[in-house]
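Biologist: I am new to this structure. Please take me through it, and let me ask how each label is earned.

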Amino acid sequence: MDSMDGLEVTGCTKCEELVESRSQIVNGAGPADADVLFVGEGPGANEDEQGAPFVGRSGSVLDAALADAGLERADVRITNCVRCRPPENRDPTKEELNNCRPYLEREVELVAPEVLVTLGKVPGEHLLGRSVAVTSETGDVERVELGGEPRDVLLCLHPAATLYDASQKEAFRETIEKAATMAGVEGGQSRLGEY
Ligand code: URA
């Protein structure tokens, strides 16, 4: 049965392989009326285990950048393009992305954020429907029809990119700050240097 209760997907069997590989469905987390909606690629091992998005190292990097920008995790909503962990952390396929798309569209419609922030190449390309060079396009905003209305989508690096390449930290921090500004939040103190 494929079903959604408000913002939560309560059951889904559309993707045969992901039904096998997941421990549970990982729904979005955060306020149902958040001004900022982050969209990641899909759950990894930690997320699959804990049932929440961005709870591993990438999540700690995101939390630090949020703090730099004067935000807390409790102020924002975080979700993913696909809600079930792909095997061996492979990228979700086009079919899997499309299967999960109605749930994301519904979440966007209900939350109606001021800005959507795509974390990484996969969500950037999925929402914009074109290829994205995320390193050079981080910080760019494009208006896209999502959840029944045109919405601002802010392209951003994946937080893990800053762990592999420290030179990306500044661009990541600046993009999160831009998201906060777009949502009307003033900046705070820098903590991203801790990672
Ligand atoms: N990376 C993602 O894209 N999503 C998560 O939830 C965690 C890591």
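Modeller: Start with how the elements are named. Helices are DSSP runs of H or I with at least four residues, strands are runs of E with at least two, and both are numbered from the N terminus. The model itself is predicted. Eight helices and seven strands make up the chain's elements.

Biologist: Where is Asn-89 found?

Modeller: Asn-89 sits in the loop between β4 and α4.

Biologist: What makes the phi of Asn-89 worth a remark?

Modeller: Phi is near 55° there, a positive value, and the residue is not a glycine.

Biologist: Is Asn-89 buried, exposed or partly exposed, and how do you know?

Modeller: The relative accessible area of Asn-89 is 46%. Buried needs under 20% and exposed needs over 50%. The value falls in between, so Asn-89 is partly exposed.

Biologist: Which loop holds Ala-112, and what is its phi?

Modeller: Ala-112 belongs to the loop between α4 and β5 (115-119). Its phi is positive, about 45°, although Ala-112 is not a glycine. At 40% relative accessibility, Ala-112 is partly exposed.

Biologist: On to charges. Why is the pair Glu-17 and Arg-90 called a salt bridge?

Modeller: The cut-off is 4 Å between a side-chain nitrogen of Lys or Arg and a carboxyl oxygen of Asp or Glu. In this pair N and O are 3.0 Å apart. That is within 4 Å, so the name applies. Side chains of opposite charge can pair when their charged atoms come close.

Biologist: What does the salt bridge of Glu-17 and Arg-90 tie together?

Modeller: Glu-17 lies in helix α1 (residues 16-21), while Arg-90 lies in the loop between β4 (77-80) and α4 (94-111), so the bridge joins parts 73 residues apart in sequence. Both partners are partly exposed: Glu-17 has 45% relative accessibility and Arg-90 has 24%. The two also belong to a network of salt bridges with Glu-96.

Biologist: How far apart are Glu-107 and Arg-77, and how exposed is each?

Modeller: Their closest N and O atoms are 2.7 Å apart, in a salt bridge. Glu-107 is in helix α4 and Arg-77 in strand β4, so parts 30 residues apart in sequence are tied together. Glu-107 has 0% relative accessible area, and Arg-77 has 3%. Each value is under 20%, so both residues are buried.

Biologist: What labels do Asp-152 and Arg-143 get?

Modeller: Asp-152, at 21%, is partly exposed. Arg-143 has 57% relative accessibility, which is over 50%, so Arg-143 counts as exposed. Their side chains meet in a salt bridge at 3.0 Å, N to O.

Biologist: How many salt bridges does the structure hold?

Modeller: The count is 13.

Biologist: Where is Thr-162, and what makes its link to Pro-159 a polar contact?

Modeller: Thr-162 is in helix α7 (residues 159-164). Its side chain reaches the backbone oxygen of Pro-159 at 2.7 Å. The cut-off for a polar contact is 3.5 Å, so this distance passes. Thr-162 is buried, at 4%. Leaving aside residues up to four places away in sequence, Thr-162 touches Val-61, Gln-168, Lys-169 and Phe-172.

Biologist: Which residues surround the ligand?

Modeller: They are Gly-40, Glu-41, Gly-42, Glu-47, Pro-53, Phe-54, Asn-80 and His-158.

Biologist: Which of their polar atoms approach the ligand?

Modeller: A backbone N or O atom of Glu-41 lies 2.8 Å from a ligand oxygen. A polar backbone atom of Phe-54 is 3.1 Å from a ligand oxygen. His-158 uses a polar side-chain atom, 3.0 Å from a ligand nitrogen. Alone, the ligand exposes 240 Å², and the protein buries 91% of that.

Biologist: How do you know whether the whole chain agrees with a compact globule or departs from it?

Modeller: For 195 residues, a compact globule would have a radius of gyration near 16 Å; the chain has 15 Å, so the two agree. Half the story is cover: 50% of the residues count as buried. Among contacts with a separation of 6 or more, 69% join residues 24 or more positions apart.

Methods
Residues are numbered from 1 along each chain as its sequence is written. This is a predicted model: local features need pLDDT of at least 70, side-chain atom pairs count only at pLDDT 80 or more; totals for chains, interfaces and linings use all residues. Side-chain values use heavy atoms; hydrogens and water are left out. Buried means under 20% relative accessible area, exposed over 50%, partly exposed in between (1.4 Å probe, protein chains only). A polar contact is a pair of N or O atoms within 3.5 Å; within protein, one must be able to donate a hydrogen and the other to accept it, and residues adjacent in sequence count only if both atoms are side-chain atoms. Contact means heavy atoms within 4.5 Å. The radius of gyration is taken over C-alpha atoms; the globule rule is 2.2 Å times the number of residues to the power 0.38. A residue is near a molecule or strand if one of its heavy atoms lies within 4 Å of it. Accessible areas come from the Shrake-Rupley method with a 1.4 Å probe; for residues, only the protein chains shown count as cover.
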